[in-house]
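Q: Hey, could you walk me through this structure? I'd like to hear about charged pairs and about empty spaces inside.

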Amino acid sequence: MAINKPPPTTNSDNERIVIGSAIASRLLLLFLIVFWRFLLSPYDTSASLNPSCLINPSSLPLTQQPVLFPQIGSAIESSIVWDGVYFVRIAQCGYEYEKSYAFLPLLPFCISLLSRTVLLPLVPVIGHRAVLGLSGYLINNIAFVLAARYLFRLSLIILKDAEAAMRASVLFCFNPASIFYSSLYTESLYSLFSLGGLYHLMSGRSSVSALWLALSGCARSNGVLNAGYICFLTMHWAYDALFLKKCIRKGLQVLISGALNCVFIFAPFIGFQAYGYYNICSGRIPEEMRPWCKARVPLLYNFVQSHYWGVGFLKYFRFEQLPNFLLASPILSLVFFSILHYGKSKTKLLFSVGFQPMDDDRNSAAMLYFPERVSRSSTPHTTSSSGLQGNQNLRQRKKIFVQDPAELAVEDKPSNGSGYFSALVLPFILHLGFMAATAFFIMHVQVATRFLSASPPLYWFASYITVKRWRYIIWAYSIAYILLGSLLFSNFYPFT
């Protein structure tokens with residue numbers, strides 16, 4: 001009797017698994033938050049305090065009206081803790097204090113927009129501030145599910161290994177900083193626009209990518225660092241045009257296009273600094289100005305981080321902060337070994353910043369970052385050579401992979417240049433290294449767990465080592481931090 005083999009798994013099936021895992025992880029976090037809040041009393045009970053707005057306090061009369069279900073509203077308001085207090089306050093009252101400019105405007109804007117439109121009918125039911133909190137929770141949880149989907153699609157393009165892409169994406173769904181992706185923090189929106197922007201960039205849509213990456217800079221200040229990916233690819237495309245093809249016109253086109261995209265990514269953050277300068281410094285006499293207003297380059301964000309939070313180079317290197325270094329040690333160790341393993345495998349590639357000669361390694365960045373050379377490689381998922389000739393226009397020439405990742409065949413075995421040690425991973429490794437160094441030497445180091453949680457190579461490396469003997473350690477780390485984070489954070493205890 002013949003045994004019917006199960007049909008091969010498609011990438012659409014894998015994508016549905018990732019989306020299902022993302023939804024399941026958010027439901028798990030919701031259950032844990034409610035469970036810990038029911039079991040324990042919050043350390044700080046001031047979360048529900050909501051004084052009148054300093055700017056135009058009469059603009060929100062509904063905040064003073066009685067509501068239909070005050071207990072539900074009170075439960076939602078009491079869950080607004082830590083940075084969520086600032087985001088909800090900004091959404092409600094705008095930027096009232098100098099300190100509040102440490103929080104970028106994308107999340108407060110989205111919260112305010114949703115609360116004034118779709119969820120406006122709920123204001124008489126649970127109260128205005130509760131609706132603001134509910135809006136933030138909906139936005140962040142939906143954004144997280146979409147971010148997981150984009151990570152899966154990006155991973156397919158970079159790794160060219162559907163199983164590794166799915167493992168990496170599922171690990172992201174249950175990452176150690178999961179509590180922040182379901183809270184009133186910017187991690188979800190940043191991940192969505194960062195991962196989405198990188199997916200569009202690696203699919204050849206650089207203009208669309210610039211828009212998405214600019215939005216990531218509206219969510220978190222480190223979003224501007226995503227311009228480094230465009231700089232990296234522009235550098236290689238310009239080198240190819242100017243020095244290999246001796247085509248000055250195309251080289252200048254590449255350089256101008258890359259520069260404009262980078263300026264576009266930086267523009268929202270610079271505009272926000274100008275907005276702060278106008279509100280706080282403009283029209284004041286020198287004696288009334290804050291110190292940063294008189295600086296040669298008046299950066300409000302840097303001043304606020306240093307003055308109010310003590311952020312700065314080596315400022316956190318104190319003995320009493322040792323527990324926080326221990327709290328961050330798992331994620332920093334994972335970063336260290338991910339870079340170390342990649343560097344040992346691709347030493348010349350890493351130190352040449354991708355300009356390793358093709359003769360030394362067919363999978364070097366010097367080959368993979370140019371589509372006309374990809375067509376001659378043995379990679380099964382690249383475009384045909386007929387559409388990648390040297391006389392193609394600039395937009396076609398920039399496309400690394402133009403095939404829809406959902407259509408890639410999962411049964412194809414990854415080639416030697418695929419997986420975590422692919423040359424295409426190099427710009428992600430460089431970005432991760434810079435981010436990790438910033439977290440370790442400049443920031444409050446415990447923040448590293450969530451600060452680095454949107455970095456794709458962490459999950460690609462974790463996916464690689466989970467095939468080996470580290471599977472249980474990786475999952476134990478994630479589960480332990482999910483349980484610990486949901487317990488501490490939801491009850492207003494310090495976590496990261």
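**Salt bridges, pockets and cavities**

A: Sure, let's start with one residue: Arg290 is partly exposed, since its relative accessible area is 29%. Keep in mind that this is a predicted model.

Q: Okay, and which side chain does Arg290 meet in a salt bridge?
A: That would be Glu98, with 3.0 Å from N to O. Glu98 sits in the loop between helix H3 (83-93) and helix H4 (106-115), while Arg290 is in the loop between H12 and helix H13 (300-309), so the salt bridge ties together parts that are 192 residues apart in sequence.

Q: Is Glu98 buried or partly exposed?
A: Buried, because its relative accessibility is 12% and the cut-off for buried is under 20%.

Q: Why would two side chains pair up like that, anyway?
A: Side chains with opposite charge can pair when their charged atoms come close.

Q: How many salt bridges does the count come to?
A: The count comes to 11. One of them is between Arg149 and Glu15, whose closest N and O atoms are 3.4 Å apart. That pair also links distant parts of the chain: Arg149 is in helix H6 (residues 128-159) and Glu15 is in helix H1 (residues 11-39), 134 residues apart.

Q: What about exposure there: is Arg149 buried or partly exposed?
A: Arg149 counts as partly exposed because it has 24% relative accessibility. Glu15, on the other hand, is buried, with a relative accessible area of 12%.

Q: Which residue does Arg129 meet in a salt bridge?
A: Glu77, and the N to O distance is 3.4 Å. Arg129 belongs to helix H6 and Glu77 to helix H2 (residues 70-78), 52 residues apart. Both Arg129 and Glu77 are buried.

Q: Let's switch to pockets. What volume does the largest pocket have?
A: About 1,200 Å³. Its lining has 41 residues, and the closest to the centre are Arg220, Tyr301, Gln305, Val311 and Met443.

Q: Which helix gives the most to that lining?
A: H13 does, with five residues. By class, the lining of the largest pocket divides into 26 nonpolar, 11 polar and four charged residues.

Q: Tyr301 came up just now. Which residue in helix H12 is in contact with Tyr301?
A: Gln273, which is in helix H12 (residues 248-280). Leaving aside neighbours within four places in sequence, Gln273 is in contact with Leu299, Leu300 and Tyr301. Gln273 counts as buried because its relative accessibility is 6%.

Q: And the second largest pocket, what's its volume?
A: About 600 Å³. It has 25 lining residues, and Leu30, Ile33, Val34, Ser79 and Tyr137 lie nearest its centre. H1, H2, H6 and H22 each give two or more residues to this lining, and the largest share, nine residues, comes from H1.

Q: Last topic: how many cavities of 30 Å³ or more are there?
A: A search of the whole structure finds seven. The largest cavity has a volume of about 110 Å³, and its lining includes Leu171, Asn175, Ile331, Tyr459 and Ser478.

Q: How many charged residues are in the lining of that largest cavity?
A: There are no charged residues there; the lining has nine nonpolar and three polar ones. Helix H14 (322-345), helix H21 (456-466) and helix H22 (471-490) each supply at least two residues of that lining.

Key. Residues numbered from 1 in each chain as written. Predicted model: local features only at pLDDT ≥ 70, side-chain atom pairs only at ≥ 80, totals over all residues. Heavy atoms only, no water. 1 Å grid on protein atoms, 1.4 Å probe; cavity = no way out; pocket = protein on both sides within 12 Å on 5 of 7 lines; lining within 4 Å. Points joined across faces, edges and corners; volume = space filled by probe spheres on them. Helix = DSSP H or I, 4+ residues; strand = E, 2+ residues; numbered from the N terminus. Nonpolar A, V, L, I, M, F, W, Y, C, P; charged D, E, K, R; others polar. Buried < 20%, exposed > 50% of the residue type's maximum accessible area, 1.4 Å probe, protein only. Contact = heavy atoms within 4.5 Å. Salt bridge = Lys/Arg side-chain N within 4 Å of Asp/Glu carboxyl O.
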